[in-house]
Each structure stands twice: as C-alpha cells, then as structure tokens.
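Here's a quick briefing on pockets and one helix, pitched at someone who likes to know what lines a site. Have a look at the structure first, then read on.

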Amino acid sequence: MTRPSMFVSKRLEDYTVRLVPPLHPLHRAGEHSHMPTKKTARKLDQPNPLWSERLLYFEARQEQIVQTIREFVEIESPSDNKLAADRMGAFLAGSFEAVDGHARVHHADDYADSLEINFSGRENIKPVLLLGHFDTVYPLGTLTTMPCHVADGRMHGPGVLDMKSGIALMLYAIAALQAWHGSLPRPVTVFLVSDEEVGSYSSRKITEALARESAAVLVLEPAGPRGAVKTARKGVGDYTLNVKGVAAHAGLDPGKGHSAILELARQITAVSKLNDLQRGLSVNPGVIRGGTRTNVIAAEATVEIDVRIAHAKQAATLDRKLRALKPFDKHCKLSIEGGINRMPMERNAGVAALYKKAQAIAKHMDWKLEEAAVGGGSDGNFTAGIGIPTLDGLGGVGQGAHAVHEHIVISELPRRALLLAGMIEAV
Ligand SMILES: [Zn+2]
C-alpha cells in the first residue's frame with residue numbers, strides 16, 4: 001500500500017518511448033485463440049510510455065478483448081452445474097497459463113472447482129489479489145435464447161457483464177504489464193470462484209486466506225452507475241421463519257385450529273417494522289409458503305427474508321431481534337434459521353486510499369472516476385470484512401446483470417483494462 005506509484009505525474013515527461021507498435025502481432029502465430037501473450041516484452045531500463053500510449057495499446061487490442069470475452073461467454077457456467085462450470089474453469093486455467101500464470105485448482109464437491117492463478121513479480125512483495133467469479137446465474141442452454149452478440153457497440157450475452165468481461169480485463173492487464181515491464185512489477189494472485197452467485201460457500205475460506213496474504217484486493221465485478229468503482233457494499237443475509245400452527249377442519253372445527261398462515265401474516269408485519277432505510281438497513285420478506293388446502297386451517301407456513309445492512313454493527317442487533325420474535329397466537333410455534341452471509345464492505349481508510357489511487361490513474365486518461373455505494377454484495381465483502389483494503393466494481397461497464405438484456409459497453413474496455421493495470425502497479 002505504501003509503495004509509491006512509479007507513474008507519478010512528475011515523471012510523465014520521461015514517458016516518451018512508444019510502448020509497442022500498434023499493429024504488433026497480438027497472439028502467437030498459428031494460434032486461433034485470442035489470448036494475449038507476452039511476446040512484446042521490453043527491456044526494463046527503458047522509460048515507461050505516456051498514459052495515452054498505454055491507452056492506445058489497449059485500444060489496439062479492443063477487438064481481441066471482445067473476442068476473448070465472447071469465448072468466455074460461450075462456455076456456459078451456471079453455479080449449480082459442476083460439469084459445465086468446470087469446463088469454464090479449465091478453459092480459464094489455460095488462458096492464464098498462456099500468460100505465464102501457475103494455475104492451481106481448489107476442489108469442490110458441490111460446485112465447480114475454484115481456480116487460483118499465481119504470477120511472480122519482479123519485486124518480492126505481497127501480491128495484489130484480483131478477485132472474481134466465473135459462475136453465472138443462467139441455466140445451461142440460455143445461449144440458445146440469449147446468444148452472445150454485438151449490436152450498437154454493446155456486447156450481449158449471459159454473464160457478459162457479471163462478470164466474464166471482468167475476467168478478460170484481468171488477463172489483458174496482466175499481459176500488458178508483462179509487455180511493458182518485461183515481467184510483472186509485483187506478484188499477482190488471481191482467484192476465480194465458482195459459486196459467488198449462490199453465496200460462495202465452497203470458496204469463501206480460500207478467498208479470505210488469499211486476501212490475508214495480499215496487499216490489496218481488486219474485485220472485477222461490474223462497475224456501478226456511470227462506470228463508478230464500488231467503495232461500499234451492503235452486508236447481505238438470509239433468514240427463514242417457520243411457523244407451526246394447529247391444523248383443523250375449516251368447516252367442522254373452525255374453533256380448534258390455530259392458523260400458521262394467519263400467524264405468519266402477523267409476523268411478516270412485525271418483521272417489516274425492522275426496516276430502517278435511513279440507516280441502510282432493509283428487511284424483505286420475499287417468499288412465502290404455507291397451507292395445504294382451502295378447507296384446512298394451515299398447520300405450517302414459512303417466509304424467506306432477505307436482509308441488507310450498511311454497517312457491520314447492525315448485524316448482531318438485527319439477528320437478535322429476528323430470533324426474539326414471539327408468536328401472537330400462543331398455540332403457534334416459531335423457529336428461525338439463517339444469518340448474515342456477507343458482512344458489509346464499509347468505506348474505511350483502506351478502501352478510500354485505493355479509490356484515491358484509482359482516481360489518480362483515471363485522471364491520467366482525463367477520466368473523472370466516480371465511486372458508488374451499492375446494496376448488492378460480492379466476495380469483496382469478505383475481504384473488506386477482514387480488514388484487507390478492497391476496491392470493487394473494477395470490471396465491465398454495462399447494464400442488465402442477471403437479466404435478458406445483460407450487456408457491456410465495448411468502448412469502455414480499454415480504459416478499464418488500463419485502470420486495472422495501473423492499480424496493480426500502484427497498490
Ligand atoms: Zn458478480
């Protein structure tokens with residue numbers, strides 16, 4: 001964190017050497033893959049190029065980046081299909097090994113194996129952790145109704161924004177740094193998990209362990225509004241409230257039953273009163289189930305509740321209040337399961353310092369990089385939650401994550417790649 005950027009503005013006048021000819025061959029002869037390679041390595045003693053030259057480097061490769069993203073999107077990788085998602089993991093391992101990474105697989109039984117790729121660096125310092133996920137929310141076969149295609153400068157497809165474009169940015173930023181410096185200026189760890197969209201249960205411990213060894217964590221989840229990076233995310237939790245009532249015939253014995261549905265309805269009202277939107281705390285009873293037939297007083301009913309918190313200290317209070325719910329009807333019994341899965345990513349000093357560095361890099365490109373606080377969680381919540389400086393939302397710019405219109409804006413790719421490359425140097 002304290003190592004000064006080698007690209008402070010004072011030295012800008014030194015950056016006079018053209019980085020690579022814009023039409024330099026972009027991949028190894030005879031290869032049909034669109035992976036970048038490090039063939040363009042330069043000697044270390046040469047001065048670094050101007051930022052505009054570096055931007056040109058990525059602009060010259062924009063089409064190649066798009067092709068790589070297409071390759072990623074066209075391998076479907078739903079969180080709940082190990083076989084399919086493992087294919088994606090294997091393809092990614094090959095892609096990162098093509099730029100001299102050492103891939104290591106973390107086996108998971110219920111999900112695809114997560115993928116760690118290590119890159120050594122010139123300086124023997126703590127690595128930067130580039131964090132992402134290759135699972136998507138789309139079931140196998142989605143490509144037939146939602147094919148990967150480009151229209152009006154946008155690339156559409158399942159997972160293109162969340163977050164296969166982010167993975168491609170990692171690949172190209174690493175290749176660029178190798179080309180510019182001859183080798184990576186510092187060690188980099190890439191960790192791509194297979195189960196982020198379903199709670200990261202198989203990968204969380206590894207994410208946290210890798211983060212503890214790292215100087216900072218850069219998360220390649222989609223950008224926020226207007227391309228903003230994400231400096232705060234809410235914590236996320238799930239609870240299930242079960243009500244057990246007493247069944248009875250609705251016609252013959254209406255007085256003998258104690259309706260779990262009626263009790264549930266009253267509990268939902270009580271739970272909803274826990275909302276405190278001004279303090280960033282929200283509680284949403286999102287799914288209800290209960291009863292068997294209209295002529296039976298319901299014996300069971302259930303509500304699934306999504307909770308969001310802006311501050312870590314809200315977790316315990318909310319949890320206590322939910323567990324303290326008492327039945328209105330004494331003949332009904334309540335039980336509650338669940339908890340907070342991801343603690344909030346709060347905008348602490350470490351996060352703010354990373355954002356400041358990102359802003360400085362963006363400024364070299366005449367780009368006023370904004371920051372955003374969002375309600376959705378990511379694995380960045382885990383790493384920020386254990387106190388490792390984390391900057392999120394460094395990935396693709398677009399709209400429609402998890403929806404049929406999911407897309408990225410292609411022209412944003414070069415400067416996002418450069419921002420990431422600059423951050424790997426600057427952290
Ligand atoms: Zn995501």
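What follows covers two pockets and then a helix.

Keep in mind that this is a predicted model. Its largest pocket has a volume of about 530 Å³, while the second largest comes in at about 190 Å³. Away from the pockets, helix α11 is largely enclosed by the rest of the structure.

**Largest pocket**
- At about 530 Å³, this pocket is lined by 23 residues, and the closest to its centre are Glu196, Glu197, Arg308, Gly376 and Gly377.
- Four strands each give two or more residues to the lining: β8 (229-233), β9 (235-244), β13 (300-309) and β14 (333-342).
- The largest share goes to β9, which chips in 3 residues.
- Sorted by class, the lining has 10 charged residues, 7 polar ones and 6 nonpolar ones.

**Second largest pocket**
- The volume here is about 190 Å³.
- Its lining is made up of Lys273, Leu274, Asp276, Arg279, Leu281, His311, Lys313, Gln314, Thr317, Leu318 and Lys321.
- By class, that lining splits into 5 charged, 3 polar and 3 nonpolar residues.

**Helix α11**
- This helix runs over residues 413-426, 14 residues in all.
- From first C-alpha to last, α11 reaches 20 Å, close to the 20 Å expected at 1.5 Å a residue.
- Why is α11 largely enclosed by the rest of the structure? Because 13 of its 14 residues are buried, with buried meaning under 20% relative accessible area.

Notes. Residues are numbered from 1 along each chain as its sequence is written. This is a predicted model: local features need pLDDT of at least 70, side-chain atom pairs count only at pLDDT 80 or more; totals for chains, interfaces and linings use all residues. Side-chain values use heavy atoms; hydrogens and water are left out. On a 1 Å grid over the protein atoms alone, a cavity is a set of points where a 1.4 Å probe fits but cannot get out, and a pocket is an open set with protein on both sides within 12 Å along at least five of seven lines; lining residues have an atom within 4 Å of a point. Grid points are joined across faces, edges and corners, and a volume is the space filled by probe spheres set on the points. Ala, Val, Leu, Ile, Met, Phe, Trp, Tyr, Cys and Pro count as nonpolar, Asp, Glu, Lys and Arg as charged, and the others, Gly among them, as polar. The expected span of a helix is 1.5 Å times one less than its number of residues. Buried means under 20% relative accessible area, exposed over 50%, partly exposed in between (1.4 Å probe, protein chains only).
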